[in-house]
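Reader: Hey, I'd like to talk through how this fold packs. Can you pull it up so we can start from one residue?

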Amino acid sequence: MSHRRNVLQGLTFKLALFYLLLSVPALALIQWTIVSFEFHELFEAVDSGRMASMTQDAANAIGRHWNSEQPPSDIELATRAEALVLRMERPQDGLAPSSYVMLELSQVPVAVGVYDLAGRALANAPDGSWTATPPPLTDQAWEGSSREHAVTLSGEESPERVRRVLATIRDSHGNPRGFLLAELRLPLPWQRLTGENSFEWPILFVYLVVFSIATAFFMVRWVTRRLNTIADAAESWSAGDFSTLIPDESGDELGRLSRDLNRMACELMSLMQSRTDLASLQERQRIARDLHDTVKQKAFALNLQIRAARRLIGTDDAAAATRMDDSFELISGIQRQLVHVLDELRTERAPRGFLAPRLRDLAERWARISGLQREFDLDDSILDDAVLGEAMLRIAEEALANVLRHSRATRVAIRLHRKDEQIALSIADNGIGGADSSSGMGLANMRGRAESLPGGHFELISTPGAGTEVRVRCNYGARPQ
């Protein structure tokens with residue numbers, strides 16, 4: 001009976017948990033790597049002058065609409081400041097192609113302020129958020145901006161990276177009218193992993209769920225179900241039933257493992273049969289030794305006692321009677337020993353008669369294991385001589401085992417014929433052929449068994465691509481030398 005593991009102990013659950021534990025830090029690391037790359041790419045563009053150039057262009061645009069008679073309104077200044085913020089955040093023509101990383105790290109990454117010549121704030125963008133931090137009025141940056149185009153102010157590197165640019169607003173006559181301050185403020189990428197989750201995390205979570213479900217389906221369909229089938233077959237083999245095979249013909253690693261295990265089961269069955277035969281032979285030898293040491297010796301003693309009693313009859317009847325009593329005691333001992341031996345030898349197996357039925361039973365047993373198609377052409381009149389029959393059966397069993405292990409055959413034909421005083425056994429398959437008669441212990445054993453028979457001859461015909469045929473001939477009715 002198969003014993004299934006608890007679901008939480010199964011391979012599918014463990015693999016899904018492994019993927020989950022591995023994927024979360026892996027995805028976080030990938031996301032951090034991408035954001036870090038884009039972060040550094042953005043600030044390379046900012047530090048190369050892109051932010052200063054855009055701020056100066058916006059200041060020039062404001063200056064064209066600023067004159068002494070009618071300066072722009074506060075609403076117009078705020079609108080133009082907002083336009084600069086939006087332009088810097090655009091990925092196409094903003095600060096850098098990776099400008100969208102600013103919105104991933106901060107909801108409001110850029111702030112812009114418009115100031116008059118006295119440093120008073122006229123407008124800020126975006127409205128309702130943090131404002132750009134102007135330098136102190138005593139800072140030389142105000143004067144420097146008046147003489148030059150745009151001045152990059154000192155920034156910070158940690159805990160936020162800050163870049164500020166101050167540009168002078170000049171009217172159409174080149175006279176300074178005010179200042180435009182742009183400030184970029186972003187947290188470092190590593191803070192994003194421990195801070196507020198971004199909109200990408202729900203997507204990553206859904207991906208993990210779908211990936212885990214797909215992995216579980218794959219494991220159940222292609223791995224755990226097949227492993228359970230292998231486990232069931234292994235349990236049958238452990239119980240001594242080697243007729244159960246693993247029905248897996250796929251070409252992947254589990255399929256190859258299943259076929260190797262099937263071959264191992266067949267070899268184990270052959271080994272078990274050989275061990276059974278060896279145990280039977282050893283038991284017969286033990287019984288023979290017991291009979292030699294007990295029954296034979298007592299029969300010899302009985303013979304001596306009867307001969308002695310025969311000589312004493314008529315001359316010393318008392319001594320003759322004593323000899324006869326001893327003889328009766330020996331006969332009782334022989335009877336007891338024979339009863340014991342007969343009890344040991346008594347089995348349920350039907351007595352042997354003819355060789356053909358035993359060959360047919362052997363082939364059917366192997367066919368149930370391998371699924372081979374069988375063809376029989378057997379002479380049912382050939383008696384199963386003890387020595388000849390056992391040798392023929394062992395040769396046939398080894399040949400059938402080789403068919404299953406090596407030939408890749410789908411059909412096997414077994415023929416047994418008698419002609420005059422010779423019998424011939426043939427086992428032929430439709431496999432790949434190419435067997436080497438000079439290698440392999442199995443072939444050597446078959447050859448040795450065949451040649452030990454009276455007039456025995458062994459022949460192997462195995463043309464590559466044309467199957468393999470084993471032929472055995474021996475004399476019928478002769479006793480081995």
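**Packing and sheet**

Reader: Cool. Leaving out neighbours within four places in sequence, what is L42 in contact with?

Author: This is a predicted model. In it, L42 is in contact with L95, A96, S98, S99, V101, M102 and L186, once neighbours within four places in sequence are set aside.

Reader: And which residues touch the most other members of the largest nonpolar core?

Author: L42 again, along with L95, L180 and L184; that core has 36 residues.

Reader: Which elements give two or more residues to this core?

Author: The helices are α1 (11-47), α2 (50-63), α3 (74-89) and α4 (101-105), and the strands are β1 (110-116), β2 (121-125), β4 (160-170) and β5 (176-187).

Reader: OK, switching to the sheet. What's the strand order?

Author: β2-β1-β5-β4-β3, an open sheet of five strands with antiparallel pairing.

Reader: Why is one side of β2 and of β3 left without a neighbour in the sheet?

Author: Because β2 and β3 (150-156) stand at the edges and each has a single partner strand.

Reader: How many bridges join β4 to β5?

Author: Eleven, with the two strands running antiparallel. One pair to look at is A167 and its bridge partner in β5, L180.

Reader: What does α2 touch on the sheet?

Author: α2 packs against β3, β4 and β5, and its direction makes about 30° with that of β4.

Reader: And which strands does α3 lie across?

Author: β1, β2 and β5, running at about 40° to β2.

Notes
Residues are numbered from 1 along each chain as its sequence is written. This is a predicted model: local features need pLDDT of at least 70, side-chain atom pairs count only at pLDDT 80 or more; totals for chains, interfaces and linings use all residues. Side-chain values use heavy atoms; hydrogens and water are left out. A nonpolar core is a set of buried Ala, Val, Leu, Ile, Met, Phe, Trp, Tyr and Cys residues joined through side-chain atoms within 4.5 Å. Buried means under 20% relative accessible area, exposed over 50%, partly exposed in between (1.4 Å probe, protein chains only). Helices (H or I, at least four residues) and strands (E, at least two) are DSSP runs, numbered from the N terminus. Contact means heavy atoms within 4.5 Å. Two strands pair if DSSP finds at least two bridges between them. Axes are lines fitted to C-alpha atoms, for helices over the stretch in contact, and angles run from 0 to 180 degrees between N-to-C directions.
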